[in-house]
Amino acid sequence: MRIISLLPSATEMVCAVGAQDELVGVSHECDFPAGIPGLPILTRTRTTLPKASGAIDVAVREMLKDAIAVYEVLVDRLRDAKADVIVTQDLCDVCAVSLDDVHKALKELGTGDVNIVSLKPTLLQDVWDDLRRVGVALGREAEGEAAALDCEARVRAIGQRSTTALAGAKRPTVLTIEWIDPVMIGGTWMPELAQLAGGEALLAEPGVHSPTVGLDELSAIDPDVVLIKPCGFKLERTHEELDLLQQRLPWDTWSAVSKGNIYLADGNAFFNRPGPRLVESLEILAACVLPDEFAEYRTKHKDSLQRIAPDLSIVGL
Amino acid sequence: MLNRANALYCLQPTRTLDMPSRDHAPSQDDMLQPSLSVTHNKSRAIRALDPSSVTWVSTAKNYGRYENEGGQYDDLVTHLKTIKTW
């Protein structure tokens with residue numbers, strides 16, 4: 001089978017069901033698992049986006065307002081790939097090419113016999129069910145089921161462990177930040193991850209897209225733990241915007257700042273990819289919410305998680 | 001292109017030996033205890049590893065299949081066929 005994945009999380013799912021060797025094209029953002037380099041890249045950003053978070057936000061909002069797609073499908077390469085199945089998404093126009101873009105590209109090619117699998121997860125269970133759907137679409141139903149069951153079991157085990165560790169004590173309040181300028185709160189599956197990690201998510205509802213909040217709303221809360229994991233940003237990229245934290249967050253009043261409970265995580269690899277690595281994302285969050293209980297995850301994810309001191313310096317976990 | 005080909009030889013293993021297996025994640029106490037180098041431990045370490053050769057072959061096949069317009073990877077393709085991984 002010839003498979004195209006136009007979404008990083010979908011690429012991870014295709015590989016999780018054992019079909020990596022059947023991939024014939026990926027998106028420009030697909031970078032995991034290892035062994036992906038060298039595959040034809042079938043998408044690109046339509047224009048060069050600015051570097052700063054605030055400027056990116058303005059540019060993307062302008063493009064969406066004018067109904068201009070942020071990304072485009074490279075039609076010639078799509079033709080050459082001769083795909084049997086295309087796995088894409090219908091969740092977020094800012095994340096990857098939209099389902100409409102894919103339909104338009106296929107219409108342009110006059111190709112009607114391609115099986116399109118469109119993913120639109122908003123809750124954790126949707127992600128695990130997508131693994132099953134991808135498995136079925138690729139003729140690997142058993143592998144999809146096994147991968148989904150594995151994720152479900154691992155997530156459930158962490159949830160049970162955190163509940164036991166809390167022993168009825170009050171759950172630490174958790175704020176996850178998905179974008180720094182403006183501040184967007186981690187929505188969709190993030191509140192569920194916070195709950196499983198032993199915490200209670202603030203300013204977000206399960207299954208609902210990231211709300212944008214201002215300093216007033218942020219000043220009205222005092223989270224016990226704050227995890228900053230900007231969508232699409234690796235740790236090094238987030239470091240470039242640390243100065244913004246003191247301007248966009250109530251840095252002087254939040255007790256989490258003085259207690260050293262502000263964390264940075266790799267938001268490119270984790271949390272924002274609705275695929276199998278949401279399990280590792282939960283491990284990272286659990287290591288922040290209940291650090292004594294989940295100490296081994298601090299070791300395991302030491303390259304993807306950092307703690308910030310009040311003076312914005314990076315300190316050890 | 002030469003640099004690209006050379007890059008194939010620089011691939012890193014996706015997990016390191018000291019990373020705990022997800023199925024058998026040791027507790028903090030476990031990690032502080034010295035352990036005997038016995039078959040059980042070696043088996044456990046092997047399960048926690050993804051061999052870097054698998055990644056190498058996968059990436060090499062991609063370059064051989066999709067980036068070989070000028071034939072610069074012909075030797076690589078021949079090698080992959082020789083080791084029956086093409």
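Read from the N terminus to the C terminus, chain B of this predicted model follows the pattern α-α-α-α-α. The chain thus presented contains five helices and zero strands. Of its 86 residues, 9% count as buried. Where contacts in chain B link residues at least 6 apart in sequence, 60% of them join residues at least 24 apart.

Within chain B, the packing of helix α4 (residues 52-66) against helix α5 (residues 74-82) was examined. The axes of these two helices lie 9 Å apart and form an angle of about 125°. Angles over 145 degrees would count as roughly antiparallel and those from 65 to 115 as roughly perpendicular; α4(B) and α5(B) are therefore oblique to each other. Their crossing is left-handed. On the side of α4(B), the contact is made by B:Ala60, B:Lys61, B:Tyr63 and B:Gly64, while α5(B) contributes B:Leu76, B:Val77 and B:Leu80. By class, the residues of this contact comprise five nonpolar, one polar and one charged.

Chain A is divided into two domains, with domain 1 spanning residues 3-120 and domain 2 spanning residues 170-315. The C-alpha centres of domain 1 and domain 2 of chain A are 27 Å apart. Contact between them involves nine residues of domain 1 of chain A and 13 residues of domain 2 of chain A. On the side of domain 1 that touches domain 2, the elements giving two or more residues are α1 (8-16) and α2 (53-65) of chain A. Of these, α1(A) gives the most, with five residues. The residues on this side of domain 1 of chain A divide into four nonpolar, three polar and two charged.

Helix α1(A) also packs against helix α5 (residues 124-137) of chain A, at an angle of about 60° and with the axes 9 Å apart. This angle makes α1(A) oblique to α5(A), and the crossing of the pair is right-handed. Three residues of α1(A), namely A:Met13, A:Val14 and A:Ala16, meet A:Asp130, A:Leu131 and A:Val134 of α5(A). The contact of α1(A) with α5(A) has five nonpolar residues, no polar residues and one charged residue.

In summary, α1(A) takes part both in the side of domain 1 of chain A that touches domain 2 and in a right-handed crossing with α5(A). In chain B, the crossing of α4(B) and α5(B) is left-handed.

Definitions and conventions
Residues are numbered from 1 along each chain as its sequence is written. Chains are lettered from A and ligands numbered from 1 in the order in which they are written. This is a predicted model: local features need pLDDT of at least 70, side-chain atom pairs count only at pLDDT 80 or more; totals for chains, interfaces and linings use all residues. Helices (H or I, at least four residues) and strands (E, at least two) are DSSP runs, numbered from the N terminus. A residue is buried if 20 or more other C-beta atoms lie within 10 Å of its own, exposed if 12 or fewer, and partly exposed in between; C-beta atoms are placed from the backbone. Two residues are in contact if their C-beta atoms, placed from the backbone, lie within 7 Å. Domain bounds come from an automatic or database domain assignment. Ala, Val, Leu, Ile, Met, Phe, Trp, Tyr, Cys and Pro count as nonpolar, Asp, Glu, Lys and Arg as charged, and the others, Gly among them, as polar. Axes are lines fitted to C-alpha atoms, for helices over the stretch in contact, and angles run from 0 to 180 degrees between N-to-C directions. Angles under 35 degrees count as roughly parallel, over 145 as roughly antiparallel, 65 to 115 as roughly perpendicular and the rest as oblique. A crossing is left-handed if the near helix is turned anticlockwise from the far one by less than a right angle, and right-handed if clockwise.
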